[in-house]
Amino acid sequence: MAPPNGWSSGVLAAVGGTPMVELRRLVPRSGARIFVKWEPANPTGSMKDRMAVEVVRSAAADGRLAPGGPVVEYTAGTTGISLALVCAALRYRLHVVFSDAFSVEKRKTMLALGAEITDEPSDGGQITEELIKRMIATSQVISERRGHWWSDQLNNHDGLRGYLPMREEIWRQAGGRVDAFVHAVGTAHSIHGVPLGFEDTAAPPMVVAVEPAESAVLSGAPTGAHRIEGIGIGFIPPLWRPEEVDSIEQVRSDDAQLMARRLAAEEGIFAGTSTGANVIAALRVAETLPSGARVVTIAVDSGLRYLSKAPYV
């Protein structure tokens with residue numbers, strides 16, 4: 001079955017090709033340089049647009065997703081917004097499982113784009129393993145309805161391909177040199193997808209994963225509650241490949257929120273808490289590298305979707 005028309009025209013043509021900016025004030029003492037891939041330039045203001053296009057395209061192409069949908073997904077909101085955009089552009093329905101642990105701006109944006117939402121309540125707004133697994137289970141039940149397709153982002157290998165073009169963009173924008181790539185882990189699609197191809201370069205960059213210190217399960221610590229939306233699901237992501245990562249940095253929620261505020265006030269980079277975590281880890285890595293080394297990280301999404309909660313209240 002051929003995918004529907006519209007992949008290379010309309011709003012979906014605006015996905016990808018985002019700029020990269022260099023930090024000017026929040027810089028390491030070592031003299032290394034830190035570049036931030038500006039993913040809020042995507043149509044929904046998030047890097048997840050790249051993944052959403054690929055998973056829907058692939059499912060439509062091989063017949064898993066019937067014309068009109070509906071698509072079913074569990075989400076902290078960022079993937080849900082991106083899927084809502086793709087589904088609206090291509091006339092699919094979307095049913096997401098969401099929670100009050102995540103920002104109201106995300107909820108309103110998904111609704112504006114036509115998504116249906118089923119809620120799973122949190123324990124005081126905390127992001128925990130129990131909450132995520134409950135959201136997954138609810139979405140699986142919904143997906144069993146006739147004609148529904150479960151995109152199941154944590155187990156969907158198609159999502160990784162959505163990030164392959166970012167590697168080419170980063171390489172070109174960094175002038176053909178990347179000494180370290182630093183990025184937070186949610187599904188693990190992007191931490192593995194972006195570096196693919198770097199291994200073909202003369203000096204492949206160090207790959208550094210980032211996770212919440214309060215739930216540092218990738219580092220072997222116990223699961224716990226944290227406040228960094230979009231990462232740290234509380235258990236090992238099924239697509240996580242530790243052999244492809246050189247090291248892991250742990251960042252506390254409070255520190256990530258403070259860094260997000262600093263990025264906005266000192267660099268004009270208005271992004272969410274996961275971006276704050278990325279920059280903290282990038283600064284740590286940069287301090288270990290010589291002057292002139294180039295460290296790349298990602299501004300995951302816009303701060304506009306977090307105005308109702310920390311770090312912006």
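**Close-up 1. Pro 311 sits in the segment after strand 10 (294-299).** This is a predicted model, and here we're looking past strand 10, at the stretch that holds Pro 311. The thing to spot is the peptide bond running from Ala 310 to Pro 311: it's cis, with omega near 15°. Most peptide bonds are trans.

**Close-up 2. A cis bond leads into Pro 70.** Staying with prolines, go to the loop that links helix 1 (48-61) to strand 3 (71-74), and you'll find Pro 70 there. Gly 69 comes just before, and the Gly 69 to Pro 70 peptide bond is cis, its omega near 5°.

**Close-up 3. Asp 152 has a positive phi.** Asp 152 belongs to the loop between strand 6 (149-150) and helix 5 (158-161). Its phi is near 45°, and this isn't a glycine. Most residues other than glycine have a negative phi, so that's the angle to check in this view.

**Close-up 4. Domain 1 meets domain 2.** Domain 1 comes in two pieces, 11-41 and 163-305, while domain 2 covers 48-150. Taken over C-alpha atoms, their centres are 24 Å apart. On the domain 1 side 29 residues take part in the contact, and domain 2 brings 24 residues. About 2,100 Å² is buried between domain 1 and domain 2, with carbon and sulfur atoms giving 61% of that area.

**Close-up 5. Glu 229 and Lys 106 pair up in a salt bridge.** Zoom in on these two side chains: the closest N and O atoms of Glu 229 and Lys 106 are 2.6 Å apart. Across the whole interface of domain 1 and domain 2, there are 3 salt bridges, plus 8 residue pairs in polar contact. On the side of domain 1 that touches domain 2, helix 6 (residues 164-173) gives the most, with 3 residues. Sorted by class, that side of domain 1 has 11 nonpolar, 11 polar and 7 charged residues.

**Close-up 6. The span that UniProt annotates runs over residues 13-299.** The label in the record, an unreviewed entry, is "domain: Tryptophan synthase beta chain-like PALP". Follow residues 13-299 from end to end and the two end C-alpha atoms turn out to lie 20 Å apart. As for secondary structure, the span is 35% helix and 16% strand.

Methods
Residues are numbered from 1 along each chain as its sequence is written. This is a predicted model: local features need pLDDT of at least 70, side-chain atom pairs count only at pLDDT 80 or more; totals for chains, interfaces and linings use all residues. Side-chain values use heavy atoms; hydrogens and water are left out. Domain bounds come from an automatic or database domain assignment. Contact means heavy atoms within 4.5 Å. Buried area is the accessible area (1.4 Å probe) that two parts lose on being put together, summed over both. A salt bridge is a side-chain nitrogen of Lys or Arg within 4 Å of a carboxyl oxygen of Asp or Glu. A polar contact is a pair of N or O atoms within 3.5 Å; within protein, one must be able to donate a hydrogen and the other to accept it, and residues adjacent in sequence count only if both atoms are side-chain atoms. Helices (H or I, at least four residues) and strands (E, at least two) are DSSP runs, numbered from the N terminus. Ala, Val, Leu, Ile, Met, Phe, Trp, Tyr, Cys and Pro count as nonpolar, Asp, Glu, Lys and Arg as charged, and the others, Gly among them, as polar. UniProt positions are given in the numbering used here, feature names are shortened, and annotations may be inferred rather than shown by experiment.
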